[in-house]
Amino acid sequence: MYYLIYISTAVKLMNPEELTEILTSSRKKNLENNITGMLLYAEGTFIQVLEGSEHDVLSTYRTITMDLRHKNLIKLVSAPLAKRAFPEWSMGFAVIAPLKMAELQGYINPDDIFFEDSASDPAINIMKTFVENNNLTSSFL
Ligand SMILES: Cc1cc2nc3c(=O)[nH]c(=O)nc-3n(C[C@H](O)[C@H](O)[C@H](O)COP(=O)(O)O)c2cc1C
């Protein structure tokens with residue numbers, strides 16, 4: 001298993017229909033490609049975690065990077081993963097407050113992450129904990 005977390009900027013503020021469109025096609029393709037994960041959106045910023053085989057994660061990420069609905073993609077972390085953090089989600093989704101997004105990005109800052117020394121898969125566990133602490137586990141569109 002392998003995972004990748006990136007952030008990006010939507011080219012415009014997304015309305016619910018546009019988010020639904022992204023999610024519907026993403027979930028369909030992720031089911032085919034054995035990708036699971038979580039997508040969070042806050043006023044024009046996306047953060048997404050993709051998990052699956054290294055090959056599937058990297059090829060899905062490559063497709064996503066070419067999507068003209070967002071820009072300025074920054075890969076925050078990619079690494080081997082012992083076990084999926086979001087096994088039941090072809091792509092979980094929630095809209096969050098911009099301050100929460102800033103907080104989350106701060107936690108996942110690759111420069112700081114080694115302070116979580118003993119934890120395995122620290123970045124993805126931060127995402128998982130964040131989703132659980134904010135009761136985002138059922139925030140599907
Ligand atoms: C923020 C964002 C997240 C996306 N997440 C995924 C994803 O998890 N999996 C996926 O296959 N496509 C995802 N996409 C969509 C792809 O970029 C692309 O549009 C889609 O895979 C193309 O599907 P199609 O070839 O069936 O039209 C995402 C797009 C955006 C803008």
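**Notebook: a look through the fold**

I started at the tail: Asn135 sits in the segment after H4. This is a predicted model, so I read everything below as computed from it. Phi of Asn135 is near 50°, a positive value, and Asn135 is not a glycine. I then checked its surroundings: 9 other C-beta atoms lie within 10 Å of Asn135, so I put it down as exposed.

**Entry: the other asparagine**

I looked up Asn34 next. Asn34 belongs to the loop between H1 and E2. Its phi is positive too, about 55°, and again the residue is not a glycine. Buried or exposed, or in between, for Asn34? With 14 other C-beta atoms within 10 Å, Asn34 comes out as partly exposed.

**Entry: the chain as a whole**

I stepped back to count elements. The protein chain has four helices and five strands. Along the sequence I read the pattern β-α-β-β-α-β-β-α-α. Of its 141 residues, 30% count as buried. I also pulled the contact statistics: among contacts with a separation of 6 or more, 79% are between residues 24 or more positions apart.

**Entry: the sheet**

In what order do the five strands line up? I get E4-E1-E3-E2-E5, an open sheet with mixed pairing. Strand E4 (70-80) and strand E5 (92-95) are the edges; each has a single partner strand, so one side of each has no neighbour in the sheet. I took the angles as well: neighbouring strands are turned by 10° against each other on average, direction ignored.

Note to self on the pairing: strands of a sheet pair through backbone hydrogen bonds, and they can do so parallel or antiparallel.

**Entry: strand E2 and its two partners**

I spent a while on strand E2, residues 36-42. On one pairing, E2 and E3 run antiparallel and are joined by seven bridges. On the other, E2 and E5 run parallel, with four bridges between them. I wrote down some bridge partners. Ala42 pairs with Thr45 in E3. For E5, Met38 has Gly92 as its bridge partner, and Tyr41 has Val95.

I checked the turn as well. The hairpin of E2 and E3 has two residues between the strands, and Glu43 there takes a positive phi near 35°. As for burial, five of the seven residues of E2 are buried, so the strand is largely enclosed by the rest of the structure.

**Entry: helices on the sheet**

I looked at how H2 sits. H2 lies across strand E1 (2-10), E3 and E4, and it runs at about 155° to E3.

Then helix H3, residues 98-108: I find Met101, Leu104 and Ile108 buried. Down the axis of H3 the buried residues fall within an arc of 65°, so they line one face of the helix. The face turned away from that buried side carries Leu99, Ala102 and Gly106, which are exposed. What covers the buried residues of H3? The cover includes E1, E2, E3, E4 and helix H4 (122-133).

**Entry: Ile126**

I picked one residue of helix H4 to follow up, Ile126. Why do I call Ile126 buried? Because 21 other C-beta atoms lie within 10 Å of Ile126, and the cut-off for buried is 20 or more. I left aside its neighbours within four places in sequence and found Ile126 in contact with Tyr107 and Ile108. Ile108 is one of the buried residues of H3 I had listed earlier. For Tyr107 I have the distance: Ile126 and Tyr107 are 19 residues apart in sequence and 7.2 Å apart in space, C-alpha to C-alpha.

**Entry: around the ligand**

I finished with the ligand. There are 16 residues around the ligand, and Ser26, Lys29, Ile64, Asp67 and Arg69 come nearest. Which element gives the most to the shell? H1 does, with five residues. Helix H1 (16-33), strand E3 (45-52) and helix H2 (54-65) each supply at least two residues. I sorted the shell by class: six nonpolar, seven polar and three charged residues.

Note on methods: Residues are numbered from 1 along each chain as its sequence is written. This is a predicted model: local features need pLDDT of at least 70, side-chain atom pairs count only at pLDDT 80 or more; totals for chains, interfaces and linings use all residues. A residue is near a molecule or strand if its C-beta atom, placed from the backbone, lies within 6 Å of it. Ala, Val, Leu, Ile, Met, Phe, Trp, Tyr, Cys and Pro count as nonpolar, Asp, Glu, Lys and Arg as charged, and the others, Gly among them, as polar. Two strands pair if DSSP finds at least two bridges between them. Axes are lines fitted to C-alpha atoms, for helices over the stretch in contact, and angles run from 0 to 180 degrees between N-to-C directions. Two residues are in contact if their C-beta atoms, placed from the backbone, lie within 7 Å. A residue is buried if 20 or more other C-beta atoms lie within 10 Å of its own, exposed if 12 or fewer, and partly exposed in between; C-beta atoms are placed from the backbone. The arc is that of the directions from the helix axis to the C-beta atoms.
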